[in-house]
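Work through the exercises below with the sequence and the model at hand. Each task is followed by a solution in steps.

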Amino acid sequence: MTQVKALHNSTLPTWLGLVAGSWAGLAWGSLISAPVGIGFGVAAGSAFGGFLAVPLWGTVWGLVGLGRQRENALRDHGITLLKESDPLAQRVHALAARLGLRTRPWVGVMPHNNAYAIGSSADSAMVVIGQPLLDHLTEAEVDAIIGHELGHVANNDMRRLGLTRSFQNSLVWYLGFSDTLQRWGRWLLTWVSELFVLRLSRNREYWADAVGAALTSKDDMIAALDKLHNGPELSDFERKHARLMVRGVSAGSLFATHPTLEERRIALEAERYLKKLPVIQNVIVQVNAPNFIKVENIAYAKD
């Protein structure tokens, strides 16, 4: 199904924005790190050298990190990788086909009450579903969560958000911040981009919700989110990887990684993003038996 080419999933605009943001951070860093009246020329010269180094480091190490993300998750996140013949894996692959993805993501199960998708591209993606969701959600609600994660895959959100963090790390590394000070260094030097990244993360959740609703229904997506948000408190693992998760830090503020449950519900009920999904008409989809096909509309999420 080549119709997925209609999906606007290029990360080039994000990358160009990150380059511009890193340059602004370097200029700001040179200004606040130089003593008043002394050494400003040295600091500015160092920042000028970073105009090439930081985008280069951010891009290279970002892509390297994304390439290792799947194997690192399998090693560190307590994931059980499923075989392609597993019923859950087959459900993920069927929904991916309906979305127009020409790949079969790896599928894993974890012990946490959440879900996420990782990988450098759709071809290397892995969708991870928490066992508590499989135990307590209906099949349609689980499909809505899967559709949400596949929306991130189709939109290249994993690469987009992975590069943003890599660029920010490269900036603080270049300006000499230690591992201990990196978190505060990012806020000090790139506070504008940090807020932008959090806003981007919240925005991508709305689009992913819309894809999940398009592949099931908005009622199923809302019901799944409601059970997620009214489940157990976020674990330390979920908070650490909040930007990856379908449910993250949603305090209703500029510092939240996710919209609140009410904000997501309102967006879905009003079809704010659903109405903006490009729809490919009359796509032939094979269903179960090899001789049975049906024609339906397929929705794609756009940037």
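**Exercise 1.** Place Glu205 in this predicted model: find which helix holds Glu205, decide whether Glu205 is buried or exposed, and list what Glu205 touches.

Solution.
- Step 1. The helix is H7, which spans residues 182-215.
- Step 2. The relative accessibility of Glu205 is 2%. The limit for buried is under 20%, so Glu205 counts as buried.
- Step 3. Leaving out residues up to four places away in sequence, Glu205 touches His148, His152, Met245, Val246, His258, Pro259 and Arg264.
- Step 4. With one of these, His148, the side chain of Glu205 makes a polar contact of 3.0 Å.

**Exercise 2.** Work out the strand order of the sheet and say which strands stand at its edges.

Solution.
- Step 1. The sheet is open and has four strands, in the order E1-E2-E4-E3, with mixed pairing.
- Step 2. E1 (80-81) and E3 (115-118) each have a single partner strand, so one side of each lacks a neighbour in the sheet and they are the edge strands.
- Step 3. E2 (residues 106-110) and E4 (residues 126-130) run parallel and are joined by five bridges. In one pairing, Met110 has Gly130 of E4 as its bridge partner.
- Step 4. Helix H5 (residues 139-154) lies across E3 and E4, at about 25 degrees to E3.

**Exercise 3.** How many salt bridges does a search of the whole structure find, and which parts does the Arg91 and Asp143 pair tie together?

Solution.
- Step 1. The search returns 11 salt bridges.
- Step 2. In one of them, the side chains of Arg91 and Asp143 meet at 3.0 Å, N to O.
- Step 3. Arg91 belongs to helix H3 (residues 87-99) and Asp143 to helix H5, so this pair ties together parts 52 residues apart in sequence.
- Step 4. Arg91 has 25% relative accessibility and so counts as partly exposed.

**Exercise 4.** Identify the salt-bridge partners of Arg265 in helices H8 and H10.

Solution.
- Step 1. Asp226 pairs with Arg265, with the closest N and O atoms 3.5 Å apart.
- Step 2. Since Asp226 is in helix H8 (residues 218-229) and Arg265 in helix H10 (residues 261-269), the pair ties together parts 39 residues apart in sequence.
- Step 3. The side chain of Glu262 also meets that of Arg265 in a salt bridge, at 3.6 Å, N to O. Both residues lie in H10, three residues apart, about one turn of the helix.
- Step 4. Arg265 is partly exposed at 21%, as are Asp226 at 29% and Glu262 at 44%.

How values were computed:
Residues are numbered from 1 along each chain as its sequence is written. This is a predicted model: local features need pLDDT of at least 70, side-chain atom pairs count only at pLDDT 80 or more; totals for chains, interfaces and linings use all residues. Side-chain values use heavy atoms; hydrogens and water are left out. Helices (H or I, at least four residues) and strands (E, at least two) are DSSP runs, numbered from the N terminus. Buried means under 20% relative accessible area, exposed over 50%, partly exposed in between (1.4 Å probe, protein chains only). A polar contact is a pair of N or O atoms within 3.5 Å; within protein, one must be able to donate a hydrogen and the other to accept it, and residues adjacent in sequence count only if both atoms are side-chain atoms. Contact means heavy atoms within 4.5 Å. Two strands pair if DSSP finds at least two bridges between them. Axes are lines fitted to C-alpha atoms, for helices over the stretch in contact, and angles run from 0 to 180 degrees between N-to-C directions. A salt bridge is a side-chain nitrogen of Lys or Arg within 4 Å of a carboxyl oxygen of Asp or Glu.
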